[in-house]
Amino acid sequence: MKKYFKIVKDNSNSIRSKCVDANIDQETIDLVNSMKDYLIDSQNEEIRNKYHMREGVGLAAPQIGKNIRALVVYYEEPQEDGSVKIIDHRLINPKIILESVKEAYLSNGEGCLSVDDEHQGYVYRKYKIQVKAYDVCLKKENIITAYGFEAIVLQHEIDHLDGILFYDHINKKDPFLVKDGAVRL
C-alpha cells in the first residue's frame, strides 16, 4: 500500500511558522518530487476516494511537516484548441521578484488542503507575478512569469512558506467586496 503524507492542518502552530531556506540537495529534490506525486494522485478520483485524500493543485513543504521553503504546483489546464497544458512547478526557495498592480480573485474563493473549515470571501492576489527559484524540473535557478490562476496558486503556496493562510487575506468586514479593476477568475 502506498503511503501518503499526513497534511498539517491550520490549527497546528507549525503551519503558522516562517520557513527556513531549503538545501538544494538530493533529499530536498526527492521530497519535492514526492510532493508532486501526491498532487497527481490527489487529482485521481479513484485514488482520492481509496485513501481519503482531498484534491489539490498546490502543496507547500510546511503542509507536510517540513518547515523549509519548497513548494509544488501541478495541474492540467485545458486550452482553447482542445489540448491540455501541464502546469508543473517544483520550486526550492521561491521568491516573488515582480508583481503587477492589477489584482485577481477566484469567484468561488480559495481552498486549502490544510484548512477543513469553510472560509467564504474573496482573496485578492496579484494578477501577474515573477518568481525566482531553484527549479527542480530544469535543475537550475529560473524565473517563472505567471498570470491569472497560475499566479494565484503560486502566491497561495508561497504564503504558506511565510505562515500565511488564504483566509488571512479575506476582508473581515466585507468578505465579498469587489475591488474596481480586479480580474474575476
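**Note on the sheets, helices, pocket and salt bridges of a predicted model**

1. The five strands of one open sheet follow the order S1-S2-S3-S6-S7, and their pairing is antiparallel. At its edges stand strand S1 (58-60) and strand S7 (140-147), each of which pairs on one side only. Averaged over the sheet and with direction ignored, neighbouring strands are turned by 40 degrees against each other. The model under discussion is a predicted one, and every value quoted in this note should be read with that in mind.

2. Beginning at the S1 edge, three bridges join S1 to S2 in an antiparallel arrangement, and within this pair Ala60 stands opposite Leu71 of S2. The next pair, S2 and S3, is likewise antiparallel and is held over nine bridges, with Tyr74 having Asp88 in S3 as its bridge partner. S2 and S3 also form a hairpin in which five residues lie between the strands, and Gly82 in that turn has a positive phi of about 95 degrees.

3. Further across the sheet, S3 and S6 pair in the antiparallel sense over six bridges, and here Glu99 stands opposite Ile129 of S6. Strand S6 (residues 128-135) then pairs with S7, again antiparallel, over eight bridges. Two of the facing positions in this pair may be checked directly in the structure: Gln130 stands opposite Thr145 in S7, and Val131 stands opposite Ile144 in S7. These two strands form a hairpin with four residues between them, where Lys139 in the turn has a positive phi of about 60 degrees.

4. As to the helices that accompany this sheet, helix H3 (residues 148-161) lies across S1, S2, S3, S6 and S7, and its direction runs at about 160 degrees to that of S2. How many residues does H3 give to the lining of the largest pocket? H3 gives five residues, and this is the most that the lining receives from any element.

5. That largest pocket holds about 320 Å³ of space, and 17 residues line it, with Gly56, Val57, Gly111, Cys112 and His156 lying nearest its centre. By residue class, the lining of the largest pocket divides into seven nonpolar, six polar and four charged residues.

6. A separate open sheet, of three strands, has the order S5-S4-S8 and mixed pairing. S5 and strand S8 (183-184) stand at its edges with a single partner strand each, so one side of each is left without a neighbour in the sheet. Between S4 and S5, which run antiparallel, there are two bridges, and the bridge partner of Ala104 in S5 is Arg125.

7. Across the whole structure, a search finds eleven salt bridges. One of them deserves a closer look: Asp116 forms a salt bridge with Lys9, and the closest N and O atoms of the two are 3.1 Å apart. Why does this pair tie together parts that are 107 residues apart in sequence? The reason is one of placement, because Asp116 lies in the loop between strand S4 (103-105) and strand S5 (125-126), whereas Lys9 lies in the segment before H1.

Terms used:
Residues are numbered from 1 along each chain as its sequence is written. This is a predicted model: local features need pLDDT of at least 70, side-chain atom pairs count only at pLDDT 80 or more; totals for chains, interfaces and linings use all residues. Side-chain values use heavy atoms; hydrogens and water are left out. Two strands pair if DSSP finds at least two bridges between them. Axes are lines fitted to C-alpha atoms, for helices over the stretch in contact, and angles run from 0 to 180 degrees between N-to-C directions. Contact means heavy atoms within 4.5 Å. On a 1 Å grid over the protein atoms alone, a cavity is a set of points where a 1.4 Å probe fits but cannot get out, and a pocket is an open set with protein on both sides within 12 Å along at least five of seven lines; lining residues have an atom within 4 Å of a point. Grid points are joined across faces, edges and corners, and a volume is the space filled by probe spheres set on the points. Ala, Val, Leu, Ile, Met, Phe, Trp, Tyr, Cys and Pro count as nonpolar, Asp, Glu, Lys and Arg as charged, and the others, Gly among them, as polar. A salt bridge is a side-chain nitrogen of Lys or Arg within 4 Å of a carboxyl oxygen of Asp or Glu.
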